[in-house]
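Student: I'd like to go through how the labels on this one are earned. Can we take them one by one?

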Amino acid sequence: MSSHPQEPAASTRKPINLHRLRELHASGEKLTMLTCYDATFARVADDAGVEMLLVGDSLGMVLQGKSSTLPVTIDEMIYHVRSVVAGNRTAWIIGDMPFASYQESPSQACANAARLMQAGAHMVKLEGGGWTNETVRFLSERGIPVSAHLGLTPQSVHALGGYRIQGKTDAAADILKRDAKAIADAGAAMLVLELLPSILAKDITEMLPIPVIGIGAGVDCSGQVLVLHDMLGLTKGKLPRFVKNFMNGAPSIEAAIANYVVEVKAKRFPENAVHGY
């Protein structure tokens, strides 16, 4: 019997690509995603078995201490994408398109998305529905995988009136369903739904052919994403109600992240009754 410690799961995992994510989605296996901003945490999360690392513009709040994501620049995003790439071995890396980096035109979006891809991102994520369809189509047709983001879109926090549940009325739910279908039809390869009633998120997930990743949107999405520092209990102050501290009872950060992976895949996280801010 070997005295060497067991190798982490990612040491034998082939690099995750879009084809593999689609296979897992088609099989019904829940997908796992965490935000990540540096090489050290990238290596730990990858070793713990997380399939996707989102280099989120949430770094403005988590790392820079800002009150929103709005001040984050494309240059800062590129720096952190490169940092995550340096520590990652197998996970799929998604880079956020920060505020004002894609709103002007599809050509502007393509130029900035190209910079994120050249830094090592495998996919870019942008927020909003309706007006973003043309941009999603433009990028997808040029070989840039896109994740859309609907519901609570933090870059529009002032227009939305704060961090609150979206899609609570029938009219608002219908708009979100329409936007979700249109953006998938435009070529989005993935969709993040943030802070929606669980029944609405379930309906959208079931109507789309692409993976739908939830955050505060219930257990019936195709997978889950959390802000890394939130789920490790590092964030001070009021947290969204859907967040769980996975460090409670865990002997290490890697074990906490591995527990997150297990609970998502077993459909134990999140609890549908717990959502909102």
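Tutor: Sure, starting with the strands: E2 (residues 52-55) and E3 pair in the parallel sense over four bridges. This is a predicted model, where local features need pLDDT of at least 70, side-chain atom pairs count only at pLDDT 80 or more, and totals for chains, interfaces and linings use all residues. Residues are numbered from 1 along each chain as its sequence is written, and side-chain values use heavy atoms, with hydrogens and water left out.

Student: What makes E2 and E3 a pair?

Tutor: Pairing takes at least two DSSP bridges between two strands, and E2 and E3 have four. Met52, for instance, has Trp92 of E3 as its bridge partner. Strands themselves are DSSP runs of at least two residues (E), helices of at least four (H or I), numbered from the N terminus.

Student: How many bridges join E3 to E4?

Tutor: Three, and E3 and E4 (residues 123-127) run parallel. Ile94 stands opposite Met123 there.

Student: Why is E3 called largely enclosed?

Tutor: Buried means under 20% relative accessible area (exposed is over 50%, partly exposed in between; 1.4 Å probe, protein chains only). Five of the five residues of E3 (residues 92-96) are buried, so the rest of the structure largely encloses this strand. Both faces are covered: Trp92, Ile94 and Asp96 on one side, Ile93 and Gly95 on the other.

Student: What makes the unit of E3, H5 and E4 right-handed?

Tutor: With the strands pointing away from the viewer, the path from the first strand over the helix to the second must run clockwise. The β-α-β unit of E3, H5 (residues 106-118) and E4 is right-handed by that rule.
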